[in-house]
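This briefing reviews the architecture of one protein model. It treats internal spaces and surface pockets, followed by the sheets and the helices that lie across them.

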Amino acid sequence: MSRIVLTQPKVGNMDVIRTKPYFPLGILSAASLADREFDIKLIDQRVDKNWRKNLKKELRQNPLMVATTSMTGRQIKHALEISRVVKENSDVPVVWGGVHPSILPGQTLENKNVDIVVKGEGEVTMLELGRALEKGKSLKGIKGVWYKENGVIKQNRDREFVDLNKMPDIPYHLIDINEYCLHYNNKKSISIETSRGCVYSCSYCYNNVINKRIWRALNSKKVVERFKHIYETFGIKNLYVVDDNFFISSKRCKDI
């Protein structure tokens, strides 16, 4: 089974003010489909003091790719740090995803340490990208992928939004969940996502570009199933819902 390495960069100020690192929800979600076909390894700068050594060890096994994520801001610096380690020690492709490269894919690819950008949601794109790299195929035509070919930036079409109700749950087995559990009223708490997007058009918000003011949600039954899974599997009684806007549908809220 081919290997894919995921990396979670430090965030910046949010790493300092929290007692535990923020749950790596975005990059774990992006790997939820690829996890079924590939051997996934997650290296988190925030919890792994030996991340450089461990990343170099993974590179010696020649994984298909090393993927990282970044918001706009200080996290870019830490994601570039990861990317440089990969490039200085291997020929493994470096893949960027997340908010910043999704908004500015071309600018991101201008950096010599970045080979591929996954624009927008990553679940299906990461799976198809892994399959193409495994078979040595061209990346042309893979929706949601921007890439460099002989130094020239190539752009594929955007990918359609996924149906959240058809996506698998987060691959929690890739992490030690206790490393990310904050405590609220002496009870463990982690983040969970039940919907994406927002119908409003606040000028400061990334939603206008990333989610195009479209709201998509897990149905109430799925939400309760996932709440129950976290409670029964990990004994976690507090959940921090990180949706862009949980309250779009009052009926769904009441059902939950």
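**Cavity, pockets and sheets**

Across the whole structure, a search returns one cavity of 30 Å³ or more. The model is predicted. Its strands include an open sheet of seven strands with mixed pairing and an open sheet of three strands, also with mixed pairing. The points below take the enclosed space, the open pockets and the two sheets in turn.

**The enclosed cavity**

- The volume of the largest cavity is about 190 Å³.
- Its lining comprises 18 residues, and those nearest the centre of the cavity are Ser29, Ile170, Glu193, Arg196 and Arg226.
- Helix H2 (25-30), strand E9 and strand E10 (195-196) are the elements that each give two or more residues to this lining.
- Sorted by class, the lining of the largest cavity holds eight nonpolar, five polar and five charged residues.

**The largest pocket**

- The largest pocket has about 1200 Å³ of volume.
- It is lined by 42 residues, with Gly26, Met71, Gly98, Val99 and Tyr206 the closest to its centre.
- Two or more lining residues come from each of strand E1 (3-8), H2, strand E3 (65-69), strand E4 (94-97), helix H5 (99-103), helix H7 (123-135) and E10.
- H2 supplies the largest share of this lining, namely five residues.
- H2 and E10 thus appear among the contributors to the lining of the largest cavity and among those to the lining of the largest pocket.
- By class, the lining of the largest pocket consists of 19 nonpolar, 15 polar and eight charged residues.

**The second largest pocket**

- The second largest pocket encloses about 210 Å³ of space.
- Its lining is formed by Ser102, Lys119, Gly120, Glu121, Asp158, Arg159, Glu160, Phe161, Val209, Ile210 and Lys212.
- Six charged residues, three nonpolar residues and two polar residues make up this lining.

**The seven-stranded sheet**

- The strand order in this open sheet is E2-E1-E3-E4-E5-E6-E7.
- Strand E2 (39-44) and E7 form the edges; each has a single partner strand, so one side of each lacks a neighbour in the sheet.
- On average, neighbouring strands of this sheet are turned by 20° against each other, direction ignored.
- Helix H3 (residues 51-59) lies across E1, E2 and E3 and runs at about 160° to E2.
- Helix H4 (residues 75-89) lies across E1, E3 and E4 and runs at about 165° to E4.

**The E6-E7 hairpin at the sheet edge**

- Strand E6 (residues 145-149) and E7 run antiparallel and are joined by four bridges.
- Within this pairing, Tyr147 stands opposite Lys154 of E7, and Lys148 stands opposite Ile153 of E7.
- The hairpin has two residues between its strands, and Asn150 adopts a positive phi near 55° there.
- Val152 belongs to strand E7 (residues 152-155).
- Is Val152 buried or exposed? Val152 is partly exposed because its relative accessible area is 43%, a value that falls between the limits of 20% for buried and 50% for exposed.
- The C-alpha atom of Val152 is separated by 9.4 Å from that of Glu110, a residue 42 positions away along the chain.
- In a regular strand, side chains alternate between the two faces of the sheet.

**The three-stranded sheet**

- The strands of this open sheet follow the order E8-E9-E12.
- Strand E8 (182-184) and strand E12 (238-241) are the edge strands, each of which pairs on one side only.
- Neighbouring strands here are turned against each other by 45° on average, direction ignored.
- E8 pairs with strand E9 (residues 187-192) in the antiparallel sense over three bridges.
- Tyr184 has Lys187 as its bridge partner in E9.
- Helix H9 (residues 220-234) lies across E9 and E12, running at about 140° to E9.
- E9 also gives two or more residues to the lining of the largest cavity.

Key. Residues are numbered from 1 along each chain as its sequence is written. This is a predicted model: local features need pLDDT of at least 70, side-chain atom pairs count only at pLDDT 80 or more; totals for chains, interfaces and linings use all residues. Side-chain values use heavy atoms; hydrogens and water are left out. Buried means under 20% relative accessible area, exposed over 50%, partly exposed in between (1.4 Å probe, protein chains only). Two strands pair if DSSP finds at least two bridges between them. Axes are lines fitted to C-alpha atoms, for helices over the stretch in contact, and angles run from 0 to 180 degrees between N-to-C directions. Contact means heavy atoms within 4.5 Å. On a 1 Å grid over the protein atoms alone, a cavity is a set of points where a 1.4 Å probe fits but cannot get out, and a pocket is an open set with protein on both sides within 12 Å along at least five of seven lines; lining residues have an atom within 4 Å of a point. Grid points are joined across faces, edges and corners, and a volume is the space filled by probe spheres set on the points. Ala, Val, Leu, Ile, Met, Phe, Trp, Tyr, Cys and Pro count as nonpolar, Asp, Glu, Lys and Arg as charged, and the others, Gly among them, as polar.
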